[in-house]
Amino acid sequence: MTTTDIFHETYSALSANKARSGLTILGIVIGIASVIAMISIGQGAQGSIQSSIQSIGSNLIMVMPGAQKGPGYQVSSGRGGARTLITEDATAIMNQIQNVAAVSPQLSGRYQITAKGTNTNTSVNGVTSAYPQVRDVQIAEGSFITDTQNQSLAKVAVLGPTTVSDLFATGTDPVGQTISIKGLLFTVIGVTVAKGGSGFNNQDDMIFVPLSSAQRYFAGADYLSEIDVQAADQNSMTQVQNDITSLLLTRHNISDPTQADFSTLNQADIVAAASSVTSTFTILLAAVAGISLVVGGIGIMNMMLTTVTERTREIGLRKAIGAKKKDISTQFLAESVMLTLIGGIIGTVLGIAIAYTISSFGSIHTQITWQPIALAFGVSAIIGIIFGYYPARRAASLNPIQALRYE
Amino acid sequence: MIDVRNITKTYNDGAESFQALKGVSFKITDGEFVAIMGPSGSGKSTLMHILGCLDTPSSGQYFLDDKDVSKLSDEELADIRREKIGFVFQAFNLLPRATVLRNAMLPLIYAGVAEEEREKRARTSLLAAGLDEDHFMHKSNQLSGGQIQRVAIARALVNNPTLILADEPTGNLDTKTSEVVLGTFQELNEKQGRTIVLITHEPDIAAHAERIIMIRDGAIVEDRKNAARKVNRL
């Protein structure tokens, strides 16, 4: 039997009962399409979470005031404004620790901002000139805060693009305008480039002022709400993080590391944590979709068993005229593999279409990669072989005499 | 050339055993038209299965073209059937979804004959079986009973077998159509020298053969030349 013959037989057998073949294929289509769509959604979510974490800067270590989480850690929500980090801590990190590229001390708070009849409530971040480098912020217009402005307690502000559109009419040049923060007038000297961040840490909806001004005019003390440290490269991050911890413990006179009054967060840890969450989520989605694929496979087996029974006499005849076991099993296996492959092709197209539709309508970004498609094809062929094997073997092992007598 | 020597067949069904053939011997030379006749339960179906290499005897020997096929495995028997035997069944057993031509060439597919050659041989067989060329692309549900059985005969002829085995070939046909089909067998026997073994329980059908082997209770009771051979001329 040549390949052409097998194709011919398979086509004629499957087209003999189009409705049944179609419904069986549909089971596989749904399985494959949902696997591809679900994995695309999962990978898309993973990609967007990772890129949003990466967008806050690179090789970043964040030092935050407050107790470190560990054994015996107590909820300290009432200590949100812990004042344990000071400007000198940041200076010490910059001067005493190796492989530190930049240090950006920050003091942030939420205040009411007004400008010529408009107002908004947003985050005001006291920063130094190191901030743009550490947090990967670019200036669209004007300039960022300089060291001189920091030393002179200048009342200047750099706005995020969202804040600009909240405070000023479209088309107005915000640079040179004045805004009022907590009753004090600040001159706008620059606007940052939109980063497209979203959610709890929207970097576009922010106002930057000199750190010293924020400490003097808003907080009234020289404490910090965060120190962002940029390590020289990826490999030195752990060393820098460990050195910061020991340096600050010494500076704060704490001998027991579990009693630390600050905490450090490594950007890589955040990425890893988020990735593990999203990959668990992806596996979960794929598993649910995979169940429908198995159900589709059982549909194939069911159909093939029915077909073998219905075509018992045909099998008997084929054996009588000289077909061997292998010829018969190949023929029936080809039918089930053909069903799953057609289902696989349609399912892949449908799955990609679903992923695109979700991307274009919803806020979920989907990402189509070749792996789930290859997986879907492989799985569908394997399902065809596994679920087609038993019926095919059953057909091949029929006794020709009994098969010919079958009513 | 068929040489059957003291063949027995015993079916074991648990504790009971049933001897369907109790030592059958005969020879059929090439070009003979033999009817094996007997009532139901006589063992003629069992004999047909053994002659057709669908089954093997419990004891005894069966030489087909001087080759002992009585001890072969299932897969070896399949090879013998493919090369040496053409079947015509009572129930026709055509593939309903395939064309007449495709049905006729089915044995050649398993024999690994090249595609152009297959079609050529299938056409020759169909014409030899008396089927009109107009029907070649029809499906079997568009044909009459007699035409269907001629397609089945063509299918049996197509691999140029040593032996054509017809098992009650007219059992599902009316008298007139039966005569036509039997006429086809006679013509194939006379004009092409085909060896035909016809299994039937009707004396009327057996009367078309030139030799009649009567079988009863698993043994041959009569083996005679049919002098009064009934001849159909189309």
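Reader: What share of the contacts in chain A between residues at least 6 apart in sequence join residues at least 24 apart?
Author: Among those contacts in chain A, where a contact is a pair of residues whose C-beta atoms, placed from the backbone, lie within 7 Å, 82% join residues at least 24 apart, and for chain B the share under the same separation limits is 68%. This is a predicted model, in which local features need pLDDT of at least 70, side-chain atom pairs count only at pLDDT 80 or more, and totals for chains, interfaces and linings use all residues. Residues are numbered from 1 along each chain as its sequence is written, while chains are lettered from A and ligands numbered from 1 in the order in which they are written.

Reader: Why is chain A called more spread out than a compact globule?
Author: Chain A has 13 helices and ten strands (DSSP runs, H or I of at least four residues for helices and E of at least two for strands, numbered from the N terminus). Its radius of gyration, taken over C-alpha atoms, is 33 Å, well over the 22 Å that the globule rule (2.2 Å times the number of residues to the power 0.38) gives for 407 residues, so chain A is more spread out than a compact globule. Along its principal axes the C-alpha trace of chain A spans about 105 × 55 × 35 Å. An automatic or database domain assignment divides chain A into domain 1 (3-52 + 273-405) and domain 2 (67-260), and the centres of these two domains, taken over C-alpha atoms, are separated by 55 Å.

Reader: What makes chain B as compact as a globular protein of its length?
Author: In chain B, which has seven helices and ten strands, the radius of gyration is 17 Å, close to the 17 Å that the globule rule gives for 234 residues, so chain B is as compact as a globular protein of that length. The C-alpha trace of chain B spans about 50 × 40 × 35 Å along its principal axes.

Reader: Which residues of helix H7 of chain A are called buried?
Author: A residue is buried if 20 or more other C-beta atoms, placed from the backbone, lie within 10 Å of its own (exposed means 12 or fewer, partly exposed in between), and in H7(A), residues 211-219, those that qualify are Leu211(A), Ser212(A), Ser213(A), Ala214(A) and Gln215(A). Among the elements that cover them are strand S2 (100-115) and helix H5 (147-151) of chain A. By the same cut-off, buried residues make up 40% of chain A and 46% of chain B.

Reader: What makes strands S2 and S5 of chain B edge strands?
Author: Four strands of chain B form an open antiparallel sheet in the order S2-S1-S4-S5, and strands count as paired if DSSP finds at least two bridges between them. S2 (16-28) and S5 (67-68) are the edge strands, as each pairs on one side only. S4(B), residues 59-64, and S5(B) reach that limit with two bridges, and Phe63(B) has Asp68(B) as its bridge partner in S5(B).

Reader: Which elements of chain B give two or more residues to the side that touches chain A?
Author: The contact takes 18 residues from chain B and 18 residues from chain A, and on the side of chain B those elements are helix H2 (74-84) and helix H3 (100-111). H3(B) gives the largest share, five residues. The residues on this side divide into eleven nonpolar, two polar and five charged, where Ala, Val, Leu, Ile, Met, Phe, Trp, Tyr, Cys and Pro count as nonpolar, Asp, Glu, Lys and Arg as charged, and the others, Gly among them, as polar.

Terms used. Two residues are in contact if their C-beta atoms, placed from the backbone, lie within 7 Å.
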